[in-house]
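Me: I would like to go through this model with a few pointed questions. Please keep each answer short and end on the item asked for.

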Amino acid sequence: MNPADPVRGPDAPMHPVRGPAVWRADDMAGRDDWLHVLAEDEVAELSAAADEACAGGFDLLGLDRGRFDLSSSLSETLARIRSRIIDGLGFVQIRGLPVARFGRRKAATIFWGIAQHFGDEVVSQNARGNLLDHVKDIGQEFRDPTSRGPYTRERIEYHTDACDVVGLLCLHPSVSGGESTLASGGAVHNEMLCRRPDLVEALLEPVYRDRRGEVPSGREPWYAMPVFNFFEGHLSITNEPSYIDSVARFFDTNPNSPAQLEGLRLLDEIAEELHFDIAFEAGDMQFLHNHTVMHSRQAFTDFPDPARKRHLLRIWLLTHDGRPVPPVFFERNGSPDTSRRPGGIVGTDTTPRVPLDGL
């Protein structure tokens with residue numbers, strides 16, 4: 001954490017929030033604590049750990065922190081990076097993994113192994129049970145109410161995912177576009193509070209969202225939870241624009257109020273004003289704290305060669321000792337009676353899987 005960062009909270013409704021995760025793009029000028037470039041000896045150690053983990057047969061489902069054996073020095077480095085993600089800026093980019101030399105299987109093993117140092121549990125990202133998902137264009141479009149943003153080439157509005165920490169590994173960047181754009185949820189909240197406190201108040205109320213075909217057993221095909229969630233002195237943000245946009249199909253009239261819809265538009269506009277761009281390079285790993293940082297992706301142009309198309313691997317993590325989140329977060333999935341933390345997406349017959357070669 002940067003010593004100059006402001007001290008966090010406690011956060012309270014209808015008051016500005018503060019802390020190291022409250023930043024604007026111009027605050028990033030001259031800072032490099034969001035970027036960790038792997039040294040040669042770190043790459044060599046990660047390579048050896050992956051080789052050892054795979055020696056008895058490849059099974060990421062069984063690969064936890066204990067089986068991804070790292071030195072105390074590198075483990076301490078990853079612990080410091082985790083602190084930057086959870087308690088600091090809210091995001092880190094790790095650069096320098098030679099994915100072309102290692103190949104997808106070994107690179108995925110290293111990505112998974114590093115992720116074990118940032119979270120305690122990997123959760124499913126769709127009803128099929130993908131614990132490691134593929135972010136690439138497969139021809140889907142947002143106008144399809146069952147589509148998902150990772151499978152399009154369209155711009156994705158500023159949003160959050162159903163987890164505590166989200167990680168991405170870039171296997172292939174695009175020809176152009178596809179930049180990862182990050183915005184501090186706290187900074188966006190504070191700016192909206194200055195301009196339109198009435199819209200902040202509207203987003204403190206539950207906002208209805210479409211499950212877009214991924215419905216847990218016994219649940220409705222929609223659910224509702226606020227965008228701005230204050231709980232035990234923490235502001236946690238959850239925003240899913242495409243899921244909100246299509247929810248009206250289940251009702252005679254849109255269940256979300258005009259003020260809420262206006263607030264969501266302003267939220268995206270302010271996030272775009274304050275955002276910080278990061279261009280993905282092959283081998284980049286990005287990890288961000290899903291409760292404090294919203295992320296977007298610019299539209300992109302792909303290579304015509306299928307083998308060179310933009311392709312990222314994604315992982316969703318829960319942190320068992322993470323910040324307290326309100327019980328309403330279980331509206332998306334799970335129950336406080338059966339789960340330590342809310343997170344993930346499940347359907348009626350979800351089975352955990354780790355597909356390396358496609359969706």
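Me: Which residue in E13 does serine 180 stand opposite?
Reply: This is a predicted model. E8 and E13 are joined by three bridges in the antiparallel sense. Within E13, the residue opposite serine 180 is isoleucine 278.

Me: Which residue in E15 does serine 184 stand opposite?
Reply: E8 runs antiparallel to E15, and five bridges join the two strands. Opposite serine 184, in E15, is valine 293.

Me: In what order do the four strands form the open sheet?
Reply: The pairing in this sheet is antiparallel. Strand E5 (156–159) and strand E13 (276–278) each pair on one side only, which makes them the edge strands. From one strand to the next, the twist averages 20°. The order is E5-E15-E8-E13.

Me: What is the bridge partner of isoleucine 156 in E15?
Reply: E5 and strand E15 (residues 293–297) run antiparallel, joined by two bridges. The partner of isoleucine 156 in E15 is arginine 297.

Me: Which strands does helix H7 touch, and what angle does its direction make with that of E5?
Reply: Helix H4 (residues 185–195) also packs on the sheet, where it touches strand E8 (180–184) and E15. The direction of H4 makes about 55° with that of E8. Helix H7 (residues 258–274) touches E5, E8, E13 and E15, and its direction makes with that of E5 an angle of about 90°.

Me: How many residues of E8 are buried?
Reply: On one side of E8, Ser180, Leu182 and Ser184 are buried. On the other side, Thr181 and Ala183 are buried, and both faces are thus covered. The number of buried residues in E8 is five of five.

Me: Is H1 roughly parallel or roughly perpendicular to H3?
Reply: Helix H1 (residues 40–54) and helix H3 (residues 99–115) have axes 9 Å apart and pack at an angle of about 90°. Angles of 65 to 115 degrees count as roughly perpendicular. H1 is therefore, relative to H3, roughly perpendicular.

Me: How many nonpolar, polar and charged residues has the contact of H1 with H3?
Reply: H1 contributes Val43, Leu46, Ser47, Ala50, Asp51 and Cys54. H3 contributes Arg101, Phe102, Lys106, Thr109, Ile110 and Ile114. Sorted by class, the contact of H1 with H3 has seven nonpolar, two polar and three charged residues.

Me: Is alanine 115 buried or exposed?
Reply: Alanine 115 is in helix H3. Leaving aside residues up to four places away in sequence, alanine 115 touches Phe287, Ile315 and Leu317. Its relative accessible area is 0%, so alanine 115 is buried.

Me: How far apart in space, C-alpha to C-alpha, are alanine 115 and methionine 285?
Reply: In sequence, alanine 115 and methionine 285 are 170 residues apart. In space, their C-alpha to C-alpha separation is 9.8 Å.

Me: At what distance does the side chain of histidine 134 reach the backbone oxygen of proline 355?
Reply: Histidine 134 lies in strand E4 (residues 132–135). Because its relative accessibility is 0%, histidine 134 counts as buried. Its side chain makes a polar contact with the side chain of histidine 311 at 2.8 Å. From the side chain of histidine 134 to the backbone oxygen of proline 355, the distance is 2.6 Å.

Methods
Residues are numbered from 1 along each chain as its sequence is written. This is a predicted model: local features need pLDDT of at least 70, side-chain atom pairs count only at pLDDT 80 or more; totals for chains, interfaces and linings use all residues. Side-chain values use heavy atoms; hydrogens and water are left out. Two strands pair if DSSP finds at least two bridges between them. Axes are lines fitted to C-alpha atoms, for helices over the stretch in contact, and angles run from 0 to 180 degrees between N-to-C directions. Contact means heavy atoms within 4.5 Å. Angles under 35 degrees count as roughly parallel, over 145 as roughly antiparallel, 65 to 115 as roughly perpendicular and the rest as oblique. Ala, Val, Leu, Ile, Met, Phe, Trp, Tyr, Cys and Pro count as nonpolar, Asp, Glu, Lys and Arg as charged, and the others, Gly among them, as polar. Buried means under 20% relative accessible area, exposed over 50%, partly exposed in between (1.4 Å probe, protein chains only). A polar contact is a pair of N or O atoms within 3.5 Å; within protein, one must be able to donate a hydrogen and the other to accept it, and residues adjacent in sequence count only if both atoms are side-chain atoms.
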